[in-house]
Amino acid sequence: MDTLKRLSDYFPTSVFTGRSLVFISEDWRVELTEHKNADFTNISSPSPVVRVKVFKKALNGDFVPGHYEDFQLPNMGDLAAQIEKYVQFAIGKNIRENA
């Protein structure tokens with residue numbers, strides 16, 4: 001969760017739920033979750049995986065899952081920049097300003 005808390009500083013329009021980092025608008029929901037490597041035999045500690053899920057609002061008002069991508073970059077600035085670029089291309093809006 002440390003990575004998500006640090007990313008929430010980078011994305012001022014996000015909401016940290018304690019489990020995920022969420023951006024929401026009238027038409028879109030973007031959710032970031034952090035996953036640690038469950039392989040305990042690996043002694044090195046790689047960066048956690050941040051999964052970015054994109055949901056689009058359906059005609060009935062429910063958010064329908066679309067696609068997702070996993071990011072694993074050690075540098076927080078690079079991680080945030082790549083997530084921002086991915087979401088911007090996916091939904092056509094800048095999530096730093098408003099989703």
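User: Let's start with Val 52. Which residues does Val 52 touch, not counting those up to four places away in sequence?

Analyst: A contact list is a quick way to see what surrounds a side chain. One thing up front: this is a predicted model. Here Val 52 touches Val 30, Glu 31 and Leu 32, then His 67, Tyr 68, Glu 69 and Phe 71, and also Ile 83, Tyr 86 and Val 87. Val 30 and its two neighbours fall within strand 3 (28-35), while Ile 83, Tyr 86 and Val 87 fall within helix 2 (76-91).

User: And which residues have the most contacts inside the largest nonpolar core?

Analyst: Val 52 is one of them, along with Leu 7, Leu 32, Val 50 and Ile 83, in a core of 19 residues. Two or more core residues come from each of helix 1, strand 2, strand 3, strand 4 and helix 2. Helix 2 gives the most, with seven residues.

User: Let me step back, then. In what order do the elements run from the N terminus on?

Analyst: Read them off as α-β-β-β-β-β-α, which comes to two helices and five strands. As for the sheet, it is open, with its strands in the order 1-2-3-4-5 and antiparallel pairing. At the edges sit strand 1 (15-16) and strand 5 (63-71), each paired on one side only.

User: Where does helix 1 lie relative to the strands?

Analyst: Helix 1 (residues 2-10) lies across strands 1, 2, 3 and 4, and runs at about 140 degrees to strand 3.

User: How do I read the pairing of strand 4 with strand 5? Over how many bridges do they pair?

Analyst: Look for residues that stand opposite each other. Strand 4 (residues 49-57) and strand 5 pair over seven bridges, in the antiparallel sense. Two examples: Lys 56 stands opposite Val 64, and Lys 53 stands opposite Tyr 68. The two strands form a hairpin with five residues between them, and Gly 61 in that turn has a positive phi of about 95 degrees.

User: Now Val 22 in strand 2. Is Val 22 buried or exposed?

Analyst: Compare the relative accessibility with the cut-off: under 20% means buried. Val 22 comes in at 9%, so Val 22 counts as buried. Its contacts beyond four places in sequence are Thr 13, Ser 14, Val 15, Thr 17, Arg 29, Val 30 and Glu 31. Val 22 and Leu 32 are 10 residues apart in sequence, yet 6.4 Å apart in space, C-alpha to C-alpha.

User: What about the whole protein: what share of the residues counts as buried?

Analyst: Of the 99 residues, 32% count as buried. The protein exposes about 6200 Å², with 51% of that supplied by carbon and sulfur atoms. Among contacts with a separation of 6 or more, 42% are between residues 24 or more positions apart.

User: Last one: how many aromatic pairs are there, and how do I read them?

Analyst: A ring pair is described by the distance between the centres and the angle between the planes. There are three pairs here. Tyr 10 and Phe 11 are edge-to-face, at 4.9 Å centre to centre and 85 degrees between the planes. The rings of Phe 11 and Phe 23 are 5.3 Å apart at their centres with planes at 85 degrees, so that pair is edge-to-face too.

User: Why does the pair of Phe 11 and Phe 23 tie together parts that are 12 residues apart in sequence?

Analyst: Because Phe 11 lies in the loop between helix 1 and strand 1, whereas Phe 23 lies in strand 2. Ring pairs link Tyr 10, Phe 11 and Phe 23 into a cluster. Within that cluster, Phe 11 and Phe 23 are buried, while Tyr 10, at 26% relative accessibility, counts as partly exposed.

Terms used. Residues numbered from 1 in each chain as written. Predicted model: local features only at pLDDT ≥ 70, side-chain atom pairs only at ≥ 80, totals over all residues. Heavy atoms only, no water. Pairing = 2+ DSSP bridges. Helix = DSSP H or I, 4+ residues; strand = E, 2+ residues; numbered from the N terminus. Contact = heavy atoms within 4.5 Å. Axes fitted to C-alpha atoms, helices over the stretch in contact; angles between N-to-C directions. Buried < 20%, exposed > 50% of the residue type's maximum accessible area, 1.4 Å probe, protein only. Core = buried A, V, L, I, M, F, W, Y, C linked by side-chain atoms within 4.5 Å. Areas by Shrake-Rupley, 256 points an atom, 1.4 Å probe, with all protein chains shown as cover. Phe/Tyr/Trp six-rings, centres within 6.5 Å; stacked < 30°, edge-to-face > 60°.
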